[in-house]
2 protein chains.
Amino acid sequence: MSNGVNLKELSQRLNLSQTTVSRALNGYPEVSEETRKRVSEMAAKLGYAPNSQARRLATGRAMAIGHVIPRSIHEMMNPIFLEFIAGAGETYSRHGYDMIISVVDDDHEEDAYRQIASRKKADGVIIHGPANEEHRHKLLKQLNLPFVVHGRIPGAEQETSWIDMNNRRAFERATNLLLDLGHTRIALLNGLEHMDFANRRRRGFEEALAARGLTPDPALMRSADMTEPFGCDNAMEMLKSDNPPTAFLISSMISAIGVARAVGQCGLTAGKDVSIITHDDALSFLPNSGEVPIFTCTRSSVRYAGEKAAELLLNMISNPASKPVSMHLDAELIIGQSTGPAPAASR
Amino acid sequence: MSNGVNLKELSQRLNLSQTTVSRALNGYPEVSEETRKRVSEMAAKLGYAPNSQARRLATGRAMAIGHVIPRSIHEMMNPIFLEFIAGAGETYSRHGYDMIISVVDDDHEEDAYRQIASRKKADGVIIHGPANEEHRHKLLKQLNLPFVVHGRIPGAEQETSWIDMNNRRAFERATNLLLDLGHTRIALLNGLEHMDFANRRRRGFEEALAARGLTPDPALMRSADMTEPFGCDNAMEMLKSDNPPTAFLISSMISAIGVARAVGQCGLTAGKDVSIITHDDALSFLPNSGEVPIFTCTRSSVRYAGEKAAELLLNMISNPASKPVSMHLDAELIIGQSTGPAPAASR
DNA sequence: ACCTCCATCCAAACCGCTTTGGATTTGGCC
DNA sequence: GGCCAAATCCAAAGCGGTTTGGATGGAGGT
């Protein structure tokens, strides 16, 4: 027994009108400090809190942000998605917004957005994992639903708000590091390249090679969901080939761990016989810290991106006339134990 | 330009009352098939969808389920949590419910629940990761907010609805498997044992040993957040000790991967020199399948648990008088490549 | 004493839907 | 033809807030 008071009852108990009570609680100026105090005390005593549905209806704002995630969201996205959510969630709750997540069948994604708009379930949404061929932003514009992209939509950079890390640059720098260490046969284990982020990473890799007059060996480039076995299996295969790579550049810690497993199983040592650089999204359950991190990595916190994306979106919502805004985050290049000079001319 | 019609406009266009239109769309019987057809056609044409806030206010149901997760949710919970969410989310959307997730400061968890109740933000909640000392269920009872526990609250099994896997039994079986293979020095790398699930797993382990007259060696039992380094570091330390274990029993795939890394670094082979059994929550980004899975494991799908938990909760909500219900899931014991007979009297 | 101007407070409309309690029409049956 | 029940449909009352457009009363100015 603790709840059940509504505005009407509260105002009756106070011998005040609902108007005054509402204004007192919402900090409007046309109510004396004394009554305001009286009101908030009584409200606290009776445990009054405004019914959110009623408030939303009256104000016309849903006070919620939607995230629609297709059921078969690609495996590698999963943990990253959660970390992003955690960051965004903090921002939302700090601003009194709810976060609503819709898990939908892949072919119902568009429906989900339409429903959010037509039923007024949320004041805005976040687009996750933009692909090379992306259309969601068009739909959302048409639905007049504010949104922020986590990542970038190729060809729509100017007309959309987004937050992204500099994928191309990060992988370019990582590749250069390996080149500086004398590696020339570098393998790339990348995410699905129909995704924009993976596409950009590959370009960074290729451009760095090209700048030194090297051409990437297609046999050393793989692209798939970034699972652990993906890393292990491909690394194993490459290491056992006639012309194995001396270094690996990997798009995710999860797959990097797989690569490390393969390296171990081949009796090699990472950082000596083989070098590994991975991108590190700073996932909390895969810490790669310590004085000297296990993996040399390009690091960029997805959680932070989530916080910022949410802030961008909330700004857009409270300021609908504003121009598109974007944030470009640079990854840190952090030296760990998994890189070293290329072994001298192997057998 | 596509939305903006409300019930009033729709009914005017049809020369019908709002009542009739509402009833037609919601499938009530007191409207002729002909008008129903006319109504739904016009609704489709004008892109009408009921404003969810208004509907919620009128019906008094939030049509949403809340998940509050403390900001510092223990690291190992993270990916598991997401998988659970994915499962639950499917059930919700299939039933027209929204899922709202609140990320809150640890010391505001109680507030979060109170708000959900007093502001009527959700019709029910899921309790995640019950601890040995658990109090949330009392608060929720007092708030009169339906809930389902993912896991079990010790001492409140009868009076709460929950879904849990048989942790004790799973770890008992796993331990017996190792014992049958001749292992006697078995290490346990467990989750935080102030959590109910970890506590139960330890008991399963200890009881299996005790049944064969063995007492667990405290030096071989570790408990912490289930990160990858936790597995690697502890395994490394144990393997290098004077009296190393011949087998590892591990609470999470993530840490198991760390153990595998340590095993590799020590020049040993899993399944031959050292045996590994891990619990496998069937996380989608850590597949452990294939003809012969890499890890021998006790497997139980968290996603499935999420689906079922959501179903239990929705049932409770639509049927408030019902008695507490619970589901006990048994983990499969699956033989993979990481276990084998104990090596004959090692050096 | 009279008037203006604030400072407070209030009654009532409104947000968009569901639902109650009829009103009206239709059809079957004696 | 008259009557009753079933089939349709509707006006209006909520749901619980916010917000508009005053009303009221006391202070200050002349």
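Me: At 40% relative accessibility, does Lys120(A) count as buried, partly exposed or exposed, and which of these words fits?
Reply: Happy to start there, with the note that this is a predicted model. Buried needs under 20% relative accessible area and exposed needs over 50%. Lys120(A) has 40% relative accessibility, so the word that fits is partly exposed.

Me: Where in chain A is Lys120(A) found?
Reply: Good one to check on the backbone, since phi of Lys120(A) is positive, near 55 degrees, and the residue is not a glycine. Most residues other than glycine have a negative phi. As for its place, Lys120(A) sits between helix 6 (109-118) and strand 3 (124-128) of chain A, in the loop.

Me: What is phi of Asn144(A) near?
Reply: Let's place the residue before giving the angle. Asn144(A) lies in the loop that runs between helix 7 (136-143) and strand 4 (147-150) of chain A. With 62% relative accessibility, Asn144(A) counts as exposed. Its phi is positive although Asn144(A) is not a glycine, and the value is near 65 degrees.

Me: Which relation links chain A and chain B?
Reply: Nice question for a superposition. A turn of 180 degrees with a shift of 0.0 Å along the axis lays chain A on chain B, and the RMSD is 0.1 Å. Therefore the relation is that of a two-fold axis.

Me: Which residue of chain A has the C-alpha nearest the axis?
Reply: The axis here is the one for the turn of 180 degrees that lays chain A on chain B. In chain A, the nearest C-alpha is 2.2 Å from that axis, and it belongs to Ile100(A).

Note on methods:
Residues are numbered from 1 along each chain as its sequence is written. Chains are lettered from A and ligands numbered from 1 in the order in which they are written. This is a predicted model: local features need pLDDT of at least 70, side-chain atom pairs count only at pLDDT 80 or more; totals for chains, interfaces and linings use all residues. Side-chain values use heavy atoms; hydrogens and water are left out. Copies are superposed by least squares on the C-alpha atoms of residues with pLDDT of at least 70 in both. Helices (H or I, at least four residues) and strands (E, at least two) are DSSP runs, numbered from the N terminus. Buried means under 20% relative accessible area, exposed over 50%, partly exposed in between (1.4 Å probe, protein chains only).
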